[in-house]
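User: Please take a close look at one helix of this model and explain how it fits into its surroundings. I am a first-year student, so kindly explain each term when it is needed.

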Amino acid sequence: MSLSFEIQRSTAARTDAERAAVLADPGFGVHFTDHMVRISWTKERGWHDAAVLPYGPITLDPSAAVFHYAQEIFEGLKAYRHADGSIWLFRPEKNAARLQTSADRLMLPHLPADDFIEAVRQLVTVDAAWVPEANGEQSLYIRPFMIASEPFLGIRAAEGVTFYVIASPAGRYFGAAGVAGIDIWVTDEWARAGIGGTGAAKCGGNYAASLVAQYEGYEHGCTQVMFIEPAGKDRVEELGGMNIFLISADGDLITPELTGTILDGVTRDSILTVAADLGLTPREERLSASEVLGGIASGRFTEAFCCGTAAVISPIAGFKSHHGEWRLAEQSFTRTLGLRDAILDIQYGRSEDRHGWLRRVV
Ligand code: COI
């Protein structure tokens, strides 16, 4: 049976003027709406006590397992306001399913897909005024997450778990650089995930593991880092926080295939689906770093981009490593920006939703 949600409205909600000031320049992940969702789970009772609550700090016992053993998973999706004022989610059932896949890997309980989607709908409905206007590229970024909240220091799957949803009005993840072309640092030293590890799960540990390489990239003027499969196999995996695509001169649109160490991105999947509409041939392949960098040098690959819910699609200007620098031939990113527009147009209701991806909330 589906959960029903108790709604406790905030008595400290921001005024219209305060909210408008935030929405004028939301940035990414800095400001949060007035409410959040919380649902509890115990081994004995299953999921219970679903509620929309005032946004605020969480009180946890210092021995809560999440602090010690990182038993945590999360999701990222967005709510979009269309020109007529209505509010829509993009493929939320994909996020619900991925949360379950991540839960399997991290030994957390399955939250039924209906309850996941209802939790998101409840929060977006209560905080609808926080969904930015359709102009520009703003949206409400929604961050569902599940943590092992049981106070217990033994190592086992937690028997007390809490699921939350918070939301944050968002502009471009990379700011202006998001469409101007970013540089990617290629690390051959650090790995984000290993074979049989948690690379395909959306868990905080993967992102924590990416930081050391990400910061090495910053030192070299790069915005993201590209991870190569460990153990000398040279296979390209994904970036610190998003998937990667390459476009060849003859119209192949290639992304590393899902092999268990790469996140199955919703934007990645959507791009593969719409590619043919833009005259591109989508391919999921094992790509080696030498093939990618050699292909850029030889002119085989003329464009590259990274993609994710937060970043949407951001063109890549070039790659750098300790061994050299590779610039993409096409610096006006024509086909990348075409794909970007195709995805955004569906999300914002500016083109027909031919794949049935949108779910109306308000
Ligand atoms: C997302 O795109 O939703 C992510 O979780 C990645 C992160 C860089 C914000």
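Analyst: Helices (H or I, at least four residues) and strands (E, at least two) are DSSP runs, numbered from the N terminus. With this term in place, S102 can be assigned to helix α3, and that helix is the starting point here. The structure is a predicted model, in which local features need pLDDT of at least 70 and side-chain atom pairs count only at pLDDT 80 or more, whereas totals for chains, interfaces and linings use all residues. Residues are numbered from 1 along each chain as its sequence is written, and side-chain values use heavy atoms, with hydrogens and water left out.

Helix α3 covers residues 92-106, which makes 15 residues. The expected span of a helix is 1.5 Å times one less than its number of residues. For α3 this gives 21 Å, and because its end C-alpha atoms are 21 Å apart, expectation and model agree. The helix is followed by M107, which has a positive phi near 55 degrees.

The next point is how α3 is covered. A residue is called buried under 20% relative accessible area, exposed over 50%, and partly exposed in between, with a 1.4 Å probe and protein chains only. The buried residues of α3 are P92, N95, A96, R98, L99, Q100, S102, A103 and L106. S102 has a relative accessibility of 0%, and therefore counts as buried. Contact means that heavy atoms lie within 4.5 Å. Setting aside residues up to four places away in sequence, S102 touches I73, A201 and K202.

K202 leads from the helix to the ligand. A residue is near a molecule or strand if one of its heavy atoms lies within 4 Å of it. The residues around the ligand are F74, G76, Y141, R143, Y173, K202, G241, G308, T309 and A310. A polar contact is a pair of N or O atoms within 3.5 Å; within protein, one must be able to donate a hydrogen and the other to accept it, and residues adjacent in sequence count only if both atoms are side-chain atoms. In the side chain of K202, an N or O atom is 2.8 Å from an oxygen atom of the ligand. For R143, the distance from a side-chain N or O atom to a ligand oxygen is 3.5 Å. A310 takes part through its backbone, where a polar atom is 2.8 Å from an oxygen atom of the ligand.

The helix also meets F116. Leaving aside its neighbours within four places in sequence, F116 is in contact with E75, L77, P92, N95, A96, L99, L111, P144 and F163. A nonpolar core is a set of buried Ala, Val, Leu, Ile, Met, Phe, Trp, Tyr and Cys residues joined through side-chain atoms within 4.5 Å. The largest such core has 54 residues, and those with the most contacts inside it are I39, W47, F116, V124, I142, M146 and F163. Helix α4 (residues 113-126) gives the largest share, seven residues.

Domain bounds come from an automatic or database domain assignment. This assignment divides the protein into domain 1 (6-170) and domain 2 (177-347). Both domains give residues to the largest core, so this core lies between them. Apart from it lies another core of 25 residues, among them F174, L239, I244 and C306. The C-alpha centres of the two domains are 27 Å apart, and 20 residues of domain 1 are in contact with 21 residues of domain 2.

I39, already named in the largest core, offers a further view of it. I39 lies in strand β2 (residues 35-42) and, at 0% relative accessibility, counts as buried. Not counting residues up to four places away in sequence, I39 touches L3, F5, W47, H48, D49, A50, L111, A119, V161, T162 and F163. The C-alpha atoms of I39 and Y164 are 6.5 Å apart, although 125 residues separate them along the chain. Among the contacts of I39 is D49, which belongs to strand β3 (residues 46-54). The phi of D49 is near 55 degrees, a positive value in a residue other than glycine.

One last pair concerns the loop between β8 (160-170) and α5 (177-180), where G175 is placed. G175 has a relative accessible area of 30% and is therefore partly exposed. Its C-alpha atom is 9.5 Å from that of A311, which is 136 residues away along the chain.
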